[in-house]
Amino acid sequence: MAEARQAATFRLELGQGTPGPRWWNGALKEVGSAGLRSWRRSLAQCRDDVLRGARPAGAASGLFLFAAIQGARFVQLDPSLGLVDWIKANLPDWGARRLPAFQGALAAAVFAGGLWTALLLTLHVVLRLLLRYQGWLSEPRGTLSLPTRSWLALVRIFSGRRPTLYTYQRSLPCLPLPSTAGTIAKYLESVRPLLPEEDFQALSGQARTFLHTEAPRLQALLGLKAWWATNYVSDWWEEYIYLRSRSSLLGSSNYYILDFLSAAPTPLQAARAGNAVYAMMRFRERLRRGEMEPATLLGLRPLCSAQYRRMFNTSRIPGVSRDWLCHVRDSHSCHVAVLHRGRFFRLGTHGGPGGHLLNPRVLEQKFQHILDDPAPARPSEEHLAALTAAPRALWAQARASLRAGAALDVVEGAAFFVCLEDTPGPSDAAPEVLLDELAQSLLVGTGHSRWLDKSLNLVVFAGGRMGLNVEHAWADAPIPSHMWEAVLAAECFELGYSADGHCRGTPDPEVGPPERLHWAVPEEVATSISLALREAQALARDTECHVLPFAHFGRGFTRRCRAPGSSFVQLALQLARFRNAQRLALFRAAADKHRALCRAALSGEGIDRHLFCLYLVSRFLPLPSPFLTQVRAEQWKLSTSQIPTQQPQLFDPANHPDFVCCGGGFGPGVRIAALGTLLLHWLQADDDGYGVSYIFMGENMVTFHISCKVSSPDTDARRFGQHIQDAMLDVASLFGLGVGPSTGARPGGTAREDKNSAEGSRGPGSRQEPPAPGDPEP
């Protein structure tokens, strides 16, 4: 969700130095290391495939093949054309020559195993070739041509019966490397309307020089990596965009996901936590066994599922110069860590003789024990979580002193982190204001109420509302969104609640309270906590969030307009900033262009990642490039992202409009990362800009999540939300929709009076990130 928005404004200040006689060595070392990492992951994946049962053929097919060969030999047939006898004659003695039947069975098993492996590899090769097909991207939504239908049928045939989450993993083609000429042309085309003529001509000249001087060498090394590794972007993206960032995660890297728009299925905090934790742990077990259906794009093309492996039991560990991701094997951790009013607990989720998952009612009891515990937080631990919001180097130094206790191991080894909190905002807040307060609290909290290093923070409020705070380095936003949708659907439509609001099931009178964690906090760490708390609270106060449910129309109307929903919203967002007059013909042209750019990004022909990798290679050589420096020096006022709805079959917006996931958002913070002695300025958004995400909720609603800086005199999230609403209606009027413009702000959502409406006078820079996997339309 947020990382492509960050990459758009990524800027690296070039250090001094010129290429030396051995200028290839540093870059080749980086490329070689990337390839070795890729191969290690592939070998680990093969091991997991063997443990889970090979796919797509399945281990049972190997046993069937062995039985068929043995049966054929029993009736005097030899499907191996003499190979079984040859293997039998060349097997070692092993003292079993007196057992010819055993030798024959062993030879047949060796032949069957070899044949089965060859067939399995053939299936993978054929699937990889089939998955290179991209013709479906250019077809109108809802229609499939004969070649695409034939391709889809072949993919299903070679996928075997009931493909699972990791069936396609080793058959996915490598990410294609675009040409430098194509990328530069698209980049210049994208900035042409935003730059004065003189600046554009200067940039074009730099681009031509770059294509004839530095580009061939940079592209050659990047091509070597694309051939040697399965993905030429992902490892560098994770390393240099996230793990080498030294600034706070609060409001910059981490993002949030809300539950529902207006309803909580129960007002009981412990009950909501019990059902949610049960559903998440059950999802974790299915994920560990790889039993879920594979993730697909538009229900057609399977997507990479590697990031699902790090969803649970993962923590981002701080370091002085870089962080790393620590993943504990799921089977070794059967607990969650809980934070309530500055107190930490270890809550076991499994029990009994077989170590089975406790039922939701028992989990509710355990959470209620924590809520009813009157013991206060110790002064040394009340604000301890603020360290995870500190600059990473400061947190790394403090963490080294905390390693003496076992509490840190419990937190970092937990499946995920649970935060039990009071409902934010005033108790009599209107529903519209409550949404804004919930979004604000989920994103930044109080500065010390999230363990930001954990992959997932489940936040459950006193009124029954809940959401997620997600660390970004381990996966893209569609991955936790997929899990969250499954959890909400299971909680509301499968697990449910009793008439009095409790979880269904029988309480256990013998269940004990969760274990209270005790921290040994040295004096120097206490000083670091105070410093981190002040900075985190300042960041939290400077972040404003606003949730805008736009209920005039949704995807149904945009479909009748023959305009992709994302294109419709993107143009409305531009209109919200500039308030320009639009014509229907211009709208059609802009929408078609937006659709073409989205298709290019989906097929690996986007701009951001390629330019990012070219820039890194230029630093590894080193080979300074004025053009790439200029590209990465740009700042953007408007950063947007569409939130995918991957599993519409889980919800019914028509019959249950209150129980549809309303998506989430990200903050407009600033990040700084270090690469050796070089400084990477990583601005997620301009301090005077907006971060906007949006999700289509069924056919008749779009929900926007807006964030900005409170300290900027030129931004106001609620006022910008009003402009978005007016712009959506203005664009709709081009198509004759009989809805007049909005007459005012939402009830309870007043704009800050000390801010000027400056959206129309802001600078022209804005960008949309490439569509996330699972977007409903290209």
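## A buried salt bridge to start with

E491 is buried, its relative accessible area being 0%. Its partner R272 is buried too, likewise at 0% relative accessibility. In this predicted model, the side chains of E491 and R272 come together in a salt bridge, with 2.4 Å from N to O. E491 belongs to helix α16 (residues 478-495) and R272 to helix α11, so this pair ties together parts of the chain that lie 219 residues apart in sequence.

## How far to trust the coordinates

Before going further, a word on confidence. The protein chain has a mean pLDDT of 81, and 84% of its residues reach 70 or more. Two stretches call for care: pLDDT stays under 50 over residues 670-685, and again over residues 740-778. The model does place contacts there beyond four places in sequence, with 77 for residues 670-685 and 135 for residues 740-778. Still, where pLDDT is low, the predicted coordinates should not be read in detail.

## More salt bridges

How many salt bridges does a search of the whole structure find? The search returns 27. One of them joins D235 to K225, whose closest N and O atoms are 2.7 Å apart. Since D235 sits in helix α10 (residues 234-243) and K225 in helix α9 (residues 214-228), the pair ties together parts that are 10 residues apart in sequence. D235 and K225 are both buried.

Another salt bridge forms between the side chains of R465 and D259, at 2.8 Å from N to O. This pair links distant parts of the chain, 206 residues apart: R465 is in the loop between β12 (456-461) and β13 (466-470), while D259 is in the loop between β2 (255-258) and α11 (269-289). Here, too, both R465 and D259 are buried.

## Nonpolar cores

Turning to the nonpolar side chains, the largest core has 161 residues. Which residues have the most contacts inside it? They are W236, M311, F344, F416, L456, L458 and W519. If you centre your viewer on W519 and set aside residues up to four places away in sequence, you will find that W519 touches F344, E381, L384, L402, A407, L408, V411 and W451. There is also a second, separate core of 31 residues, which includes V569, F696, C708 and I724.

## Strand β16 and its parallel partner

Is strand β16 (residues 638-642) largely enclosed or open? Five of its five residues are buried, so the rest of the structure largely encloses β16. In a regular strand the side chains alternate between the two faces of the sheet. In β16, both faces are covered: L638, T640 and Q642 are buried on one side, and S639 and S641 are buried on the other.

Strand β16 runs parallel to strand β20 (residues 690-696), and five bridges join the two. Within this pairing, S639 stands opposite G691 of β20.

## A close look at S693

Strand β20 also holds S693, which counts as buried because its relative accessibility is 0%. A polar atom of the S693 side chain lies 2.5 Å from the backbone oxygen of G664. Leaving aside neighbours within four places in sequence, S693 is in contact with S641, I643, G664, G665, F666, T703, F704 and H705. G664 therefore appears both in that contact list and, through its backbone oxygen, in the 2.5 Å approach to the side chain of S693, a serine that is buried at 0% relative accessibility.

How values were computed: Residues numbered from 1 in each chain as written. Predicted model: local features only at pLDDT ≥ 70, side-chain atom pairs only at ≥ 80, totals over all residues. Heavy atoms only, no water. pLDDT = per-residue confidence, 0-100. Contact = heavy atoms within 4.5 Å. Buried < 20%, exposed > 50% of the residue type's maximum accessible area, 1.4 Å probe, protein only. Helix = DSSP H or I, 4+ residues; strand = E, 2+ residues; numbered from the N terminus. Pairing = 2+ DSSP bridges. Polar contact = N/O pair within 3.5 Å; in protein donor to acceptor, adjacent residues only side chain to side chain. Salt bridge = Lys/Arg side-chain N within 4 Å of Asp/Glu carboxyl O. Core = buried A, V, L, I, M, F, W, Y, C linked by side-chain atoms within 4.5 Å.
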